Amino acid sequence: MNDVVATKPKAKSKNRAANMAALQLLLEAYPKTFDRSNVRPLKIGIQEDLIADEKVSKNKIKRALASYVRSLNYYRSLREGVDRVDINGDAAGQVTKEESDYAKQKLKEINKSRQEKRKEQERTDRMSKKLEMLVAKK
């Protein structure tokens, strides 16, 4: 059981690296659409367009899009009325109020989760320090 727990962070790290490598392929193949310094909402159904364009493999497209659309900057880009972009970087629809509200909610959830993890880490650190102090007294 400990072996399984020990490999999870490694697998997550490996997965993240693969996702980032796939995203890099999209950044290079579609610079007018994917830009880390200017994240814009993507056209609904862009995955099918990317697959049909055949510049990047289907598996890598799915990995890259999953990472891209779950980023904080992507959620922040989803503001009501903002243009969505297609694979050429051209306007293709707009963000609706519902989509914008959903993105705001996701950002709140992510921030709350991060805050809870930070508090838990602080508690763990305090407990470790107390234990170290007790051990040092003996």
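**View 1. Leucine 131 in the predicted model, a partly exposed residue.** Leucine 131 has a relative accessibility of 48%, so leucine 131 counts as partly exposed. The class runs between the buried limit, under 20%, and the exposed limit, over 50%. Leucine 131 sits in helix α5, which spans residues 97-137.

**View 2. A nonpolar surface patch that includes Leu131.** Three residues make up this patch: Met127, Leu131 and Leu134. Together they offer about 310 Å² of accessible area. Leu131 is the residue of View 1, placed in helix α5.

**View 3. Arginine 84, a buried residue in a strand.** Strand β1 covers residues 83-85 and holds arginine 84. Is this arginine 84 buried or exposed? Arginine 84 counts as buried, because its relative accessibility is 6% and the limit for buried is under 20%.

**View 4. A polar pair between arginine 84 and leucine 42.** On one side is a polar atom of the arginine 84 side chain. On the other is the backbone oxygen of leucine 42. The two atoms lie 2.4 Å apart. The arginine 84 partner belongs to strand β1.

**View 5. The largest pocket and its lining.** The volume of the largest pocket is about 740 Å³. Its lining has 22 residues, and those closest to the centre are Arg16, Ala66, Ser67, Arg70 and Ser71. Four elements each give two or more residues to the lining: α1 (2-29), α3 (58-69), α4 (72-77) and α5. Which element gives the largest share of the lining? That is α1, with six residues.

Technical notes:
Residues are numbered from 1 along each chain as its sequence is written. This is a predicted model: local features need pLDDT of at least 70, side-chain atom pairs count only at pLDDT 80 or more; totals for chains, interfaces and linings use all residues. Side-chain values use heavy atoms; hydrogens and water are left out. Patches are made of residues with over 30% relative accessible area and no salt bridge: like charges are joined within 9 Å, nonpolar side chains (Val, Leu, Ile, Met, Phe, Trp, Tyr) within 5 Å. Accessible areas come from the Shrake-Rupley method with a 1.4 Å probe; for residues, only the protein chains shown count as cover. A salt bridge is a side-chain nitrogen of Lys or Arg within 4 Å of a carboxyl oxygen of Asp or Glu. Buried means under 20% relative accessible area, exposed over 50%, partly exposed in between (1.4 Å probe, protein chains only). A polar contact is a pair of N or O atoms within 3.5 Å; within protein, one must be able to donate a hydrogen and the other to accept it, and residues adjacent in sequence count only if both atoms are side-chain atoms. On a 1 Å grid over the protein atoms alone, a cavity is a set of points where a 1.4 Å probe fits but cannot get out, and a pocket is an open set with protein on both sides within 12 Å along at least five of seven lines; lining residues have an atom within 4 Å of a point. Grid points are joined across faces, edges and corners, and a volume is the space filled by probe spheres set on the points.
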